[in-house]
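Trainee: Hello! I am new to this one, and I would love to go through it with you step by step.
Mentor: Happy to help, so let us look together.

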Amino acid sequence: MEILIINSGSSSLKYQLINSETGDSIAKGLVDRIGIEGSLIKYVAFKDGKEYETKKQVPIRNHEEAMKQVTDVLSDAEIGVISDADAIQVIGHRVVHGGEKFVQPTIVTEEVKQQIEKLIPLSPLHNPACLEGIRSAEKMFKKAQHVAIFDTAFHQTLPAKAFRYAIPNEYYEKHGVRVYGFHGTSHKYVDSQARNYLKNNNIKNITIHLGNGSSMAAVNEEGRCMDTTMGLTPLDGLVMGTRCGTIDAGVIFYLANQLQMTTDEINTVLNKKSGMLGLTGSSDARDVSDKYFANDPNAVLCYELYAYRIKKFIGAYAAVLNGLDSITFTAGLGENDDLIRLLVCQNLEFLGIEIDEEKNKTRNRPKQTVEIQKDSSKVKILVIPTNEELQIVNEIKSLL
């Protein structure tokens, strides 16, 4: 069976058609700049032992038009991989926020869509786009069964002592203010891959997802997430491309009261102008890395601060798990940035973490699991490519 995976953002729509039996990608692509001048669609198909790639710029006003473009290219007479839209039987939708209600893959119904809409106040940037993607796909792929996979689901095993904030109870009981965590699909995938690779389902593992958005998770011997760095929103925790990560809430009051900034202005600063961008002028780690090796003081500070924050959580999560068997790096920076992995793992010998600098230096390695620790290291240091689309396919298979 072929399953179409849809990841709908506010101005983009990623898609991938996967063979559920082999896990192979049949076609994939991106519709970018939806509702913005210069919108375009990218498409890559793997057909008859050949790779077909196309890119075209075309006005795309909304997600419904974007989904129409996806349907057209997938069923194109020359480079398409399906006969028509009715050939798609199942579609998996990545939904960012599932609140406390959605902890498993869920078949989309009107009630489910209403619940996703109710969660918009908790995820005002992401859930509206996810919902728009579902509605648009339902119009184009009318015979398909639609399944929602929630980014927050993996973290719903957190104990109350980890997910509650020490604020009056009513804010949790009436308004759902608590830690939810994100990147759950990625954390779950690489944790399961680590267990398979090590041939041990009883490991204590810290998963470290480092990209433009970054987060960590502490996963116990049973494969249950016990803590995670992101909170009510994806703003908390690690330093990111444009997000500040953990910050004293008093900073917000200072910006509001002393600098007369509005809440919208503060939100923009903390979410879109901070992190690597705020420290160095660029949110692209490749640019920051170049500046680091050129001894730019802001870039050096940025990398040191970035790594320091991760180190602190490694120490904290080793305590949470009462021990540590492995740490797993994944996502864009986690997989490709040897500098950040080195800075994170240095001076952690007391935890049994010893990185091998030569093994760590390899960049652009094949998409497979590798170990980068010294032979003497008690803790395995793994680099595992994430595959959220394949994890979604696996969860849909389990559901259906």
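Mentor: Let us start with one cysteine: at 1% relative accessibility, C345 counts as buried. Keep in mind as we go that this is a predicted model.

Trainee: Which cysteine sulfur is closest to that of C345?
Mentor: The gap to the closest cysteine sulfur is 18 Å, which is too far for a bond. A disulfide would need the two sulfur atoms within 2.5 Å. The closest cysteine to C345 by this sulfur distance is C302.

Trainee: Is C302 buried or exposed?
Mentor: The cut-off for buried is under 20% relative accessible area. C302 has 0% relative accessibility, so C302 counts as buried.

Trainee: How far is the sulfur of C302 from the closest cysteine sulfur?
Mentor: The closest cysteine sulfur belongs to C244. The two are too far apart for a bond, because the distance is 13 Å.

Trainee: How many disulfides does the rule count?
Mentor: We have just seen that C302 is too far from C244 for a bond, and C345 is too far from C302. By the rule, the number of disulfides comes to zero.

Trainee: Now for the domains. How far apart are the C-alpha centres of domain 1 and domain 2?
Mentor: The domain assignment places domain 1 at 2–150 and domain 2 at 199–388. Their C-alpha centres are separated by 29 Å.

Trainee: What area is buried between domain 1 and domain 2?
Mentor: In contact here are four residues of domain 1 and five residues of domain 2. Carbon and sulfur atoms give 54% of the buried area. The area itself is about 360 Å².

Trainee: Which three residues supply 64% of the area that domain 1 buries against domain 2?
Mentor: No other three residues of domain 1 supply more of that area. They are L122, L125 and H126.

Trainee: How many salt bridges are there between domain 1 and domain 2?
Mentor: For polar contacts across this interface, the rule finds zero residue pairs with both at pLDDT 80 or more. For salt bridges between the two domains, the count is also zero.

Definitions and conventions
Residues numbered from 1 in each chain as written. Predicted model: local features only at pLDDT ≥ 70, side-chain atom pairs only at ≥ 80, totals over all residues. Heavy atoms only, no water. Domains from an automatic or database assignment. Contact = heavy atoms within 4.5 Å. Buried area = accessible area lost by both parts, 1.4 Å probe. Salt bridge = Lys/Arg side-chain N within 4 Å of Asp/Glu carboxyl O. Polar contact = N/O pair within 3.5 Å; in protein donor to acceptor, adjacent residues only side chain to side chain. Buried < 20%, exposed > 50% of the residue type's maximum accessible area, 1.4 Å probe, protein only.
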